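Hello,

Here is the structure I promised to pass on. Please open it next to the text below, where I go through what was found in it.

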Amino acid sequence: ESGVDAPWAHIQWSDNDVFPCWGKTMVFDTTNNLVTPPNYDVFDRWVKSRPEAKYYAILGGVSDNWQGAPIGSDAFKQRLTAVMKHWAAHMREIGIDPAKIVLCLIDEPQTASAARLILGWGEVIRAAVPEFKFFVDSLYKPGSFADPTVLKMFDLMDIIVPGTSYAYQNFGQAAVDFYGKL
C-alpha cells in the first residue's frame, strides 16, 4: 500500500538490535560454538511491521574485530557462521525467507580497507547463508577501479548502486565504463 517494498533498518549497536551481530547477549564456548543466541525481538518486530516487503535491507556497520575475534581468524569465522546460521533458522521459524534479507555491510565504501572488511564478513556470511543478498552503495574513485580487493568485493555483491552524482558527474566516462561492466 505504501509503495515501499524494501524497508531499511539501521543498526544501533545495542544489546537487542535488528542485526543480531551487535547484541551483547551472545555467548560462545571455548570452541566457538554458539551457547546463547542473540535476542531477535527487534528484528522480529521490524519484519512483522512490514509483511508486504519484497526485501528487508539492513545496514550492518561491520568492524575488524567482532566478539573478541579479529576478522579472518578461525574464531571469527566459526562464531559468525554460527550466528548467521542460527539467525537464518530463526527467520524460517517465523516465516521469513532468508533470501529476502539484503545486507549492506558498510555504507558508501570508498577504500581498499573498506573492501577488505566487506569481504572478510561477506565471504563468511555467504558461506553460512547463501540466500542472503549483499548491497553496496559504492563511492570508489577511478584509482580503485583496478584494485583486486575492490574488484573481488564487487564480485560478492548482488546489488551495486554507484553514487551517481559522485561517481558519474565527478569521474565521467571512467565511472560509467567501470560500473557498466559490473
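**Salt bridges**

Arg50 has a relative accessibility of 27% and counts as partly exposed. Before going further, please note that this is a predicted model. Arg50 and Glu52 meet through their side chains in a salt bridge, at 3.3 Å from N to O. Glu52 is likewise partly exposed, with a relative accessible area of 39%.

How many salt bridges does a search of the whole structure find? The count is 4, and the Arg50 pair is one of those described here.

Another salt bridge joins the side chains of Glu131 and Arg92, at 2.8 Å from N to O. Glu131 sits in the loop between helix 3 (112-128) and strand 8 (133-136), while Arg92 belongs to helix 2 (residues 74-93), so this pair ties together parts that are 39 residues apart in sequence. Glu131 is partly exposed at 30% relative accessibility, and Arg92 is partly exposed at 44%.

Lys152 and Glu123 form a salt bridge too, with 3.4 Å between N and O. This pair links distant parts of the chain: Lys152 is in helix 4 (residues 148-156) and Glu123 is in helix 3, 29 residues apart. Lys152 has 46% relative accessibility and counts as partly exposed; Glu123, at 36%, is also partly exposed.

**Helix 3 against helix 4**

The two helices joined by the Lys152 and Glu123 salt bridge also pack against each other. Helix 3 and helix 4 meet at an angle of about 35°, and their axes are 9 Å apart. The crossing is left-handed. On the helix 3 side, the contact is made by Ala112, Ala115, Arg116, Ile118, Leu119, Gly122, Glu123 and Arg126. On the helix 4 side it is made by Thr149, Val150, Lys152, Met153 and Leu156. Glu123 and Lys152 of the salt bridge are thus both on the contact list.

What classes of residue make up this contact? There are 7 nonpolar, 2 polar and 4 charged residues.

Val150, one of the helix 4 residues in that contact, also touches Ser144. Ser144 is in the loop between strand 8 and helix 4. Is Ser144 buried or exposed? Its relative accessibility is 15%, so it counts as buried, the cut-off being under 20%. Leaving aside residues up to four places away in sequence, Ser144 touches Gln110 as well as Val150.

**The sheet**

The model has an open sheet of 5 strands, paired in parallel, in the order 1-4-7-8-9. Strand 1 (8-10) and strand 9 (159-160) are at the edges with a single partner strand each, so each has one side without a neighbour in the sheet.

Starting at the strand 1 edge, strand 1 pairs with strand 4 (residues 56-59) in the parallel sense over 3 bridges. In this pair, Ala9 stands opposite Ile58 of strand 4. Helix 1 (residues 41-49) packs on the sheet here, touching strand 1, strand 4 and strand 7 (101-104). The direction of helix 1 makes about 140° with that of strand 4.

Strand 4 then pairs with strand 7, again in the parallel sense, over 4 bridges. Leu59 is opposite Cys104 of strand 7. Strand 7 and strand 8 are parallel partners over 2 bridges, and Leu103 stands opposite Phe134 of strand 8.

Which residues of strand 7 lie on one side and which on the other? Ile101 and Leu103 are on one side, and Val102 and Cys104 are on the other. In a regular strand, side chains alternate between the two faces of the sheet. Both faces of strand 7 are covered, and all four of the residues named are buried.

**Lys48**

The last item goes back to helix 1, where Lys48 is located. Is Lys48 buried or exposed? Lys48 has a relative accessible area of 60%, so it counts as exposed, the cut-off being over 50%. The C-alpha atoms of Lys48 and Ile94 are 9.4 Å apart, with their positions 46 residues apart along the chain.

Regards

Key
Residues numbered from 1 in each chain as written. Predicted model: local features only at pLDDT ≥ 70, side-chain atom pairs only at ≥ 80, totals over all residues. Heavy atoms only, no water. Pairing = 2+ DSSP bridges. Contact = heavy atoms within 4.5 Å. Axes fitted to C-alpha atoms, helices over the stretch in contact; angles between N-to-C directions. Buried < 20%, exposed > 50% of the residue type's maximum accessible area, 1.4 Å probe, protein only. Left-handed = near helix turned anticlockwise from the far one by under 90°. Nonpolar A, V, L, I, M, F, W, Y, C, P; charged D, E, K, R; others polar.
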